[in-house]
Structure formats: structure tokens, C-alpha cells
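Reader: I should like to go through this model step by step, with short questions and reasoned replies. Please begin once the sequence and structure are shown.

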Amino acid sequence: MDQFGLFGNIESEEIITTDGQCTYYPNFISHATYDELYEEINWRQDQITLFGKTHNVPRLHAWYNDNNDSYTYSKIKLPVNSFESHLAQIRETIATKLGIYFNSCLCNLYRDGNDYAAIHADDEAELGENPIIASVSIGAKRKFVFKHKTNKGLDKVSLDLEDCSLLLMKGSLQHYWKHELPRSKKIKDPRINLTFRQL
Ligand SMILES: O=C(O)CCC(=O)C(=O)O
């Protein structure tokens, strides 16, 4: 059972309040479900072509959507999967605690610190004008960095994404800020990231 109701006190920290909003919720989900999610999610290794060279995407990923819609980012078209038990349970926890119901999830598996997400904004047109994205972390603690797109006077903002945490990005954040999960060779353990979205 969730410890907090929809309007209860949830431990949180404001990370960005200028040009969009980003809030960090440590200990958001109560159970570490790494093994179950690892088995349940239909992971893919895709390839990406940059400057004429083809590489493996530096992580595994998978796409889930209620309406059978596929998703394309970085010119990679991800086939759709249907929500199953553990992923659906985490979606319910988010709906109960934050009052937001998501119809989609982009899942990422970072096998160790060599896997990463390059700097980008989640600004695909299908996500709408001001997307709300709830990003759940399970497994190894990883650093996450925001960089403002135009205001060079603003410092980078970085935080550690801990096991069982949730990062909520909303408002105009994707218009003004890019984010990345840098490579970190010291990290040997895997991490699953679930970015719930509304398509
Ligand atoms: O793994 C993460 O925390 C970030 C993933 C991400 O940036 C994305 O899926 O757009």
C-alpha cells in the first residue's frame, strides 16, 4: 500500500524553478523491483547513425503505450508494447501519489556506467506543448545533469538519481533545458529508468 494519499506529504526537493519546473522525490516507490522489471520489459538493442557511422544506442530501451502508438526519437522507431504487471503497478503508484495518469512509458536499461543518455530535450511534437514526464530510477545511483539551452549565465544543475526515486519534469522545462545522464566508468551496477509520458 502507498504510504501517502494523493494530497499527503511526499518528501520532495525543487531542483529547477526557472524556465520550467523539476522536482525530485527520493524514496518514491517502496519496493525495488529491478529483477521483475528486467524480466518483464521487452528490451531492445537499437542502432543509431551519426555523421554517417552506425553505432549501438548506448543503452537498451523499450516503449509502452495504451493506444498501440509507436514512438520515434533520434530517428529510431520503437515498436509498441502493452503495459504489464510491474510497470502498470508503478504507473498506479504515480497516479495515486501525484494524481497524474500516464498512457506511455519509455524504459531505459543502463547495463553499467558505460551506458549513458546523451544531452537532449524531450521535445518531440507527440508529447505536446509542455510535456509532463515522470522519470523513475531503479538500481545504481547515477548523476543527472541539466543545461540551459540559451542562458549561459545559468550554471548547470546536477543531482544524483537514487534507487526508488522519481524526477518530475513539467511546464516549459523541455523548451529551455536539455538533460543528460553522463557515462561514469566507475559504476559497475545496472540501472533501470522508466520515463512515463503522455502521448
Ligand atoms: O535515464 C534517465 O534518467 C534519463 C533518460 C532520458 O533522458 C530519456 O529517456 O529521455
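Reader: Over how many bridges do β5 and β9 pair, and in which sense?

Author: The model discussed here is a predicted one. Within it, Tyr 64 of β5 has Cys 105 as its bridge partner in β9, and His 61 has Asn 108 in that strand. The pairing of β5 with β9 is antiparallel, and the number of bridges is six.

Reader: Which bridge partner does Tyr 64 have in β8?

Author: Strand β8 covers residues 80-81 and pairs with β5 in the parallel sense, over two bridges. In β8, the residue that bridges to Tyr 64 is Asn 81.

Reader: What is the order of the strands in the open sheet of eight, and which strands stand at its edges?

Author: The pairing in this sheet of eight strands is mixed, and the order is β1-β2-β14-β11-β16-β9-β5-β8. An edge strand pairs on one side only, and here the edge strands are β1 (13-16) and β8.

Reader: How many residues of strand β5 are buried, and which ones lie on each side?

Author: In a regular strand, side chains alternate between the two faces of the sheet. In β5, Leu 60, Ala 62 and Tyr 64 lie on one side, with His 61, Trp 63 and Asn 65 on the other, and both faces are covered. Strand β5 (residues 60-65) is therefore largely enclosed by the rest of the structure, the buried count being six of the six residues.

Reader: Which strand gives the largest share of the largest nonpolar core?

Author: Nonpolar side chains tend to be buried together in soluble globular proteins. The largest nonpolar core here has 41 residues, and Cys 105, Cys 107, Ala 134, Val 136 and Leu 194 have the most contacts inside it. Its largest share, five residues, comes from strand β9 (residues 104-110).

Reader: With which residues is Cys 107 in contact, leaving aside its neighbours within four places in sequence?

Author: Cys 107 is among the residues with the most contacts inside the largest nonpolar core. Leaving aside neighbours within four places in sequence, the contacts of Cys 107 are Ile 41, His 61, Ala 62, Tyr 64, Ile 192 and Leu 194.

Reader: Which strands does helix α2 lie across, and at about what angle does this helix run to β16?

Author: Helix α2 comprises residues 85-98. The strands that α2 lies across are β5, β9, β11 (133-139) and β16 (191-197), and its angle to β16 is about 55°.

Reader: Is Arg 197 buried or exposed?

Author: Arg 197 lies in strand β16. Beyond its neighbours within four places in sequence, the residues in contact with Arg 197 include Phe 102, Ser 104, Cys 105 and Leu 106. A residue with 20 or more other C-beta atoms within 10 Å counts as buried. Because Arg 197 has 23 such atoms, the classification is buried.

Reader: Is Glu 36 buried or partly exposed?

Author: Glu 36 is placed in helix α1 (residues 34-40). Its C-alpha atom is separated by 7.0 Å from that of His 86, although the two residues are 50 apart along the chain. Because 16 other C-beta atoms lie within 10 Å of Glu 36, this residue is partly exposed.

Reader: Why do β10 and β13 each have one side without a neighbour in the sheet?

Author: An open sheet of four antiparallel strands has the order β10-β15-β12-β13. In this sheet, β10 (117-120) and β13 (157-161) stand at the edges, so each has a single partner strand. For β10 that pairing is with β15 (residues 177-181), joined by two bridges. In β15, the residue opposite Ala 117 is Leu 181.

Reader: What is the radius of gyration of the protein chain?

Author: The C-alpha trace spans about 50 × 45 × 35 Å along its principal axes. A compact globule of 199 residues would have a radius of gyration near 16 Å, which agrees with the value for the protein chain, 16 Å.

Reader: Over which residues is the pLDDT below 50?

Author: The protein chain averages a pLDDT of 93, and 95% of the residues score at least 70. The stretch with pLDDT below 50 has nine contacts in the model beyond near neighbours in sequence, and it covers residues 1-7.

Note on methods:
Residues numbered from 1 in each chain as written. Predicted model: local features only at pLDDT ≥ 70, side-chain atom pairs only at ≥ 80, totals over all residues. Core = buried A, V, L, I, M, F, W, Y, C linked by C-beta atoms within 7 Å. Buried ≥ 20, exposed ≤ 12 C-beta atoms within 10 Å, placed from the backbone. Contact = placed C-beta atoms within 7 Å. Rg over C-alpha atoms; globule rule 2.2 N^0.38 Å. Pairing = 2+ DSSP bridges. Axes fitted to C-alpha atoms, helices over the stretch in contact; angles between N-to-C directions. pLDDT = per-residue confidence, 0-100.
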